[in-house]
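Open the model in your viewer and keep the selection panel at hand. The stops below say what to select and what is found there.

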Amino acid sequence: MMRTAVITRVLRMAPDMVTLYFEDEECSKASPGQYAMIWIPGGEEIPMSLSTINPGGESSLTVRDVGEATKTLCDMKEGDKVGIRGPFGIGYTITGDSPLLVAGGTGVASLAPLAEAFVERGVKPTFILGAKTESDLAFRDRLENLLGDSVVLATDDGSCGFEGFSSQCAEKLMDERSFDAVYTCGPELMMVAVFDEAESRGIPVQASLERYIKCAHGLCGSCAIGPYRVCMDGPVFDSEKLREVREDFGSRKMDPTGKIVGVDH
Amino acid sequence: MSQLSLSVDIAGLRLRNPTMNAAGVLGISAPLLKRVYEGGAGAVVTKSLGPEPRSGHLNPTMVIVEGGVLNAMGLPNPGAEYFVSAIKALRAEGIPVIASFFGASIDDFRDVAELLSEAGADALEVNVSCPNVQEELGMLGADCLNTEKVTAAVKEVSKPPVFVKLSPNVTDIAEIAKAAELGGADAITAVNTLKGMAIDADFRRPILTNVTGGLSGPALKSVALRCVWDVAKAVEVPVIGCGGITNWRDAVEFMLAGASAVEVGTAIRERGFGVYEEITTGIEGYLEANGFGSVKGIVGLAQEAI
Ligand SMILES: Cc1cc2nc3c(=O)[nH]c(=O)nc-3n(C[C@H](O)[C@H](O)[C@H](O)COP(=O)(O)O)c2cc1C
């Protein structure tokens with residue numbers, strides 16, 4: 001069923017990125033890594049990770065303006081409404097005493113609630129917050145308040161923290177310290193690099209994948225990667241599944257017609 | 001006790017059991033279809049393939065409604081030619097493949113049928129019944145003459161058996177089924193989705209981008225069952241039942257109405273890929289408990305009761 005969510009507040013994160021807060025009972029019960037389908041009446045419906053999950057309280061979506069639907073979302077104000085279905089999919093499984101969370105760009109949206117869930121269990125994860133440049137580092141305060149100096153900043157241009165991709169920063173950290181679980185969300189090529197690195201050290205990985213989700217109920221197949229449906233068997237894939245789809249992960253995806261095309265970011 | 005057999009023969013196509021996925025449900029890639037087969041299906045059915053690649057409609061393309069699901073995917077598919085390698089890959093693994101397809105004209109239907117027949121498909125399923133592309137492609141299965149002509153054109157170029165999939169959105173499905181049989185159909189699949197819509201009260205507009213969509217799942221079952229009943233009464237060729245089948249009991253009911261096999265789609269949402277094995281095992285238990293030696297033994301029995 002389609003529900004209605006009213007935007008209760010808007011937080012501007014970066015020049016082209018906002019977080020929209022709303023109240024929705026079902027989303028407040030979601031687990032980190034799950035997503036919702038967000039409908040802009042008169043426009044499209046797109047999948048979005050839940051960037052805040054608060055039992056009994058506010059939920060949020062974090063949107064970067066990358067197309068028509070996301071642009072409309074980025075222009076939303078308090079009191080505006082969207083349609084919502086979900087939450088859907090399998091989120092992260094919480095395991096490990098010294099986990100490393102690797103976020104690139106808007107990937108922080110699904111990893112921030114995971115960091116909070118870890119802290120609730122008495123585990124303080126190491127969190128790589130990476131983006132193109134300093135002004136794109138989303139939820140920096142939220143994470144630094146939560147994790148203190150366990151937050152490691154990284155920027156592609158070196159304007160803040162480690163200079164380079166989140167994956168390169170992760171490689172460096174994996175050299176220096178030992179982790180027993182790695183979680184990653186962000187550009188696919190970054191996640192592949194993180195996965196391969198962790199694999200070579202035998203550390204289990206959970207990565208949140210993105211494909212073209214249409215039905216979100218596991219029926220149409222448009223979001224397939226190998227024998228899996230990102231909408232329902234994912235979006236979070238563990239090492240075992242990632243190995244199974246390694247040929248496609250970071251390399252190939254289906255376009256809206258079902259043809260295989262390359263993955264370019 | 002005699003050996004119980006779950007295998008069925010549909011117009012010469014022999015399957016290990018009478019279950020298949022419904023067209024368009026997970027049929028977009030070979031790995032997904034392989035998973036359907038591993039889930040226990042007797043054969044797999046592809047997404048409906050057209051002469052050209054199509055992206056389908058924009059989201060929202062699906063919404064849950066009372067007792068079922070409303071979809072307007074709009075026949076996204078990579079084109080029949082592109083899918084030939086997927087069909088070959090599946091067959092190479094010993095998986096029987098039924099190629100579903102559509103076209104905008106009789107010539108399209110013939111051309112695509114020829115291509116898929118040559119690709120080695122074990123059967124063809126002619127989709128003349130999609131309710132979501134009527135403005136662009138029309139629905140040839142809405143009248144007898146077109147149904148007969150399309151079927152005849154497809155039969156002319158096809159080596160494997162040809163199933164014609166009908167729509168419940170017609171006044172008299174028995175008449176359409178007879179027309180398909182006259183055109184040479186080797187079996188009838190009944191049915192495609194029932195045309196419906198959803199409107200959002202808060203936004204005061206239709207939810208699906210396509211405005212209308214096709215209803216599937218339990219809400220469709222009693223209509224689909226009646227369609228199978230009407231069709232089985234009207235034609236000699238085998239009938240494949242489809243629409244709202246969720247468990248073995250539903251499947252048995254369709255068989256009693258006259259279906260030789262069943263296609264299951266929407267139930268995957270809640271039951272997962274194992275739904276095919278679940279249904280097959282349930283049918284087996286039913287046959288055994290009631291002293292039937294084969295699926296064939298119960299086909300159409302309810303027709304004889306009246
Ligand atoms: C997501 C989705 C896509 C579908 N695509 C097709 C299709 O491409 N061709 C077709 O003949 N039927 C298509 N159908 C209809 C199904 O094959 C089937 O006739 C209908 O869903 C009823 O069966 P069910 O209740 O078991 O799902 C589609 C149904 C769904 C839910």
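How far is an oxygen atom of the ligand from an N or O atom in the side chain of K47(B)? Select the ligand together with K47(B): the distance is 2.9 Å. Bear in mind that this is a predicted model.

**Stop 1: the ligand**

Keep the ligand selected and add A23(B), where a polar backbone atom is 2.7 Å from a ligand oxygen. Then add N192(B), which places a polar side-chain atom 3.4 Å from an oxygen of the ligand. On its own the ligand would expose 600 Å², and the protein buries 98% of that area.

Next, show the whole shell around the ligand, which has 24 residues. The closest of them are A23(B), S48(B), K165(B), G244(B) and T266(B). Colour the shell by class to find 10 nonpolar, 12 polar and 2 charged residues. The space that the ligand takes up is the largest cavity.

**Stop 2: the second largest pocket**

Rolling a probe the size of a water molecule over the atoms shows where empty space is left. Select G226(A) and D248(A) with S29(B), A30(B) and P31(B); among the lining residues of the second largest pocket, these lie nearest its centre. This pocket holds about 620 Å³ of space, and its lining consists of 28 residues.

Which elements each supply at least two residues of this lining? From chain A they are β13 (224-225) and β16 (252-254), and from chain B α1 (30-38) and α2 (80-92). Highlight α2(B), as it gives the largest share, 6 residues. By class, the lining of this second largest pocket divides into 14 nonpolar, 4 polar and 10 charged residues.

**Stop 3: backbone details**

Most residues other than glycine have a negative phi, and most peptide bonds are trans. The remaining selections depart from that pattern.

- Select G234(A) and P235(A), which are joined by a cis peptide bond with omega of about 10°. P235(A) is in the loop between β14 (228-229) and β15 (236-238) of chain A.
- Move to A190(B) and V191(B), where another peptide bond is cis, with omega of about 15°. The loop that holds V191(B) runs between β10 (187-190) and β11 (194-197) of chain B.
- Finish at F139(A), a residue other than glycine whose phi is positive, near 60°. Look for F139(A) in the loop between β8 (126-131) and α4 (140-147) of chain A.

Terms used:
Residues numbered from 1 in each chain as written. Chains lettered and ligands numbered in written order. Predicted model: local features only at pLDDT ≥ 70, side-chain atom pairs only at ≥ 80, totals over all residues. Heavy atoms only, no water. Near = heavy atom within 4 Å. Polar contact = N/O pair within 3.5 Å; in protein donor to acceptor, adjacent residues only side chain to side chain. Areas by Shrake-Rupley, 256 points an atom, 1.4 Å probe, with all protein chains shown as cover. 1 Å grid on protein atoms, 1.4 Å probe; cavity = no way out; pocket = protein on both sides within 12 Å on 5 of 7 lines; lining within 4 Å. Sits in = over half its atoms within 2 Å of the grid points. Nonpolar A, V, L, I, M, F, W, Y, C, P; charged D, E, K, R; others polar. Points joined across faces, edges and corners; volume = space filled by probe spheres on them. Helix = DSSP H or I, 4+ residues; strand = E, 2+ residues; numbered from the N terminus.
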